[in-house]
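Here is a short note for a colleague who is new to this structure. Please read the points with the model open beside them.

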Amino acid sequence: MLVACLASLSVFGAVRNRSGIQLSGYKAVRVHYGRMNKMIMSVRINGRPANLLVDTGASQIILNNDFAESAGVTPFQRAMNQVRFSVPTQVFRMGSEINGQLLPVGLAQNIAAGSMNFGSNPVALRESAHSGADARDEDGVLGLDILLRHKALINCRTKLVFFKVDQAQRISLGPVAASEKYTRVPIQRAETGALIVPCAIRGQPARLLIDTGAFVTMLHEDFVKSLGFPVEPTRISAQFGHGASKRINAAKINDLSIGSYRMSPEKFGVAPLPRFALQQGDTKIAGILGMDTLYICHAIIDLDGMNLFLK
């Protein structure tokens, strides 16, 4: 029990104690923040250095075509409906649908980050969604296929991601989280695989999608207006998938609860979210829980215990 408590403290207290980044049964990888709150992990793909956006809103690894070509990752050309890889319980189609768009799929022979080696992995290939200075920030996306397979612990505040390497290792974060004044919010997985948490605004229950790839928390415009909140224009715009950019409005929400965690009054982004984001299988969400809120609330995303810790 003492070992479990010390291990848990290394997750919650790594900023205060730099020697505390060791977590029994896990390997820690540092991340940094780029423009627009982007959580970036430095990786090596087929030996070539790359920067990937850590994105819990993406179902799998995605590489920009220009980087993929330089790393020797090319689309599969086999004329068959499905290609099966040596990844347990996973089947990858020749084309992978991301945000409503069908993308070609290739195979990265080796993916590594810090001392963590993820081995070979199928990757979706895309045209770069960015231009100009932002294009240098990232070469692609590290998605849920890797994060879930290795039961990642993502500490949004301390800039550390822990990957589980000993599946027999069990740690209990709940008691230490409570002692550190964190609130535990259970994470559910929608039919699409998306990570969902319950929320409520003015007593109206709803759900939010946990998306570390989103730079701001954004609520669906119709939902906000139905609750009677006034919205005001901003100069910020966002692009959903490869669709046109949309201007983001803002609304001050003074009674948002995420699970049993009560947020302080804050302005949140408001926009008409696309259907592929709103409808996660049979589950409908009211918004996206993005990096601004996750960072401010010291969020820890536990993909082993399937809990979100906030304070």
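1. Start at one pairing. Proline 186 has asparagine 307 as its bridge partner in strand 28. That match belongs to a longer pairing: strand 14 and strand 28 run antiparallel and are joined by four bridges. Keep in mind throughout that this is a predicted model.

2. Now widen the view to the sheet. Strands 14 and 28 belong to an open sheet of six strands, in the order 1-13-12-27-28-14. The pairing in this sheet is antiparallel. Which strands stand at the edges? They are strand 1 (26-30) and strand 14 (183-186). Each has a single partner strand, so one side of each is left without a neighbour in the sheet. On average, neighbouring strands here are turned by 15 degrees against each other, direction ignored.

3. A salt bridge involves this sheet. Aspartate 304 and lysine 164 meet through their side chains, at 2.7 Å from N to O. The two come from distant parts of the chain, 140 residues apart. Aspartate 304 is in the loop between strand 27 (300-302) and strand 28 (307-310). Lysine 164 is in strand 13 (residues 160-164). Their surroundings can be compared by exposure. Lysine 164 is buried, with a relative accessible area of 1%, whereas aspartate 304 counts as partly exposed at 26%.

4. How many salt bridges does a search of the whole structure find? It finds four. Among them is the one between glutamate 138 and lysine 38, whose closest N and O atoms are 3.0 Å apart. This pair also links distant parts of the chain, 100 residues apart. Glutamate 138 sits in the loop between strand 10 (116-126) and strand 11 (140-142). Lysine 38 sits in the loop between strand 2 (32-33) and strand 3 (39-45). Both glutamate 138 and lysine 38 are buried.

5. Glutamate 138 has another salt-bridge partner. Its closest N and O atoms with arginine 126 are 3.4 Å apart. Arginine 126 is in strand 10 and glutamate 138 in the loop between strand 10 and strand 11, so this pair ties together parts that are twelve residues apart in sequence. Is glutamate 138 buried or exposed? It is buried, because its relative accessible area is 3% and the cut-off for buried is under 20%. Arginine 126, at 11%, is buried as well.

6. The shared partner matters for how these contacts are grouped. Lys38, Arg126 and Glu138 are joined into one network by salt bridges that share partners.

7. Turn to the nonpolar cores. The largest has 65 residues. Those with the most contacts inside it are Met41, Ile45, Leu63, Phe163 and Leu308. Methionine 41 shows who its neighbours are: setting aside residues within four places in sequence, its contacts include Val29, Val31, Leu52, Val54, Leu142, Val161 and Phe163. Arg30 and Asn51 are also in contact with methionine 41. Another core lies apart from the largest one. It has 15 residues, including Ala194, Phe215, Ala238 and Leu278.

8. A further group of strands meets at strand 23. Strand 18 (residues 218-220) pairs with strand 23 (residues 266-271) in the parallel sense, over three bridges. Strand 20 (residues 245-253) runs antiparallel to strand 23, and five bridges join them. Which residue of strand 23 is the bridge partner of methionine 218? It is glycine 269. Glycine 269 is also the bridge partner of alanine 250.

9. Helix 7 (residues 291-296) offers a contrast. Threonine 293 is in this helix, and so is isoleucine 296. Threonine 293 is buried, with a relative accessible area of 6%. Isoleucine 296 counts as exposed, because its relative accessibility is 53% and the cut-off for exposed is over 50%.

10. Their contacts beyond four places in sequence can be listed too. Threonine 293 touches Thr217, Met263 and Phe268. With threonine 217 there is a side-chain polar contact of 2.6 Å. Isoleucine 296 is in contact with Arg157 and Lys311. Isoleucine 296 and leucine 310 are 14 residues apart in sequence, and their C-alpha atoms are 9.1 Å apart in space.

Note on methods. Residues are numbered from 1 along each chain as its sequence is written. This is a predicted model: local features need pLDDT of at least 70, side-chain atom pairs count only at pLDDT 80 or more; totals for chains, interfaces and linings use all residues. Side-chain values use heavy atoms; hydrogens and water are left out. Two strands pair if DSSP finds at least two bridges between them. Buried means under 20% relative accessible area, exposed over 50%, partly exposed in between (1.4 Å probe, protein chains only). A polar contact is a pair of N or O atoms within 3.5 Å; within protein, one must be able to donate a hydrogen and the other to accept it, and residues adjacent in sequence count only if both atoms are side-chain atoms. Contact means heavy atoms within 4.5 Å. A nonpolar core is a set of buried Ala, Val, Leu, Ile, Met, Phe, Trp, Tyr and Cys residues joined through side-chain atoms within 4.5 Å. Axes are lines fitted to C-alpha atoms, for helices over the stretch in contact, and angles run from 0 to 180 degrees between N-to-C directions.
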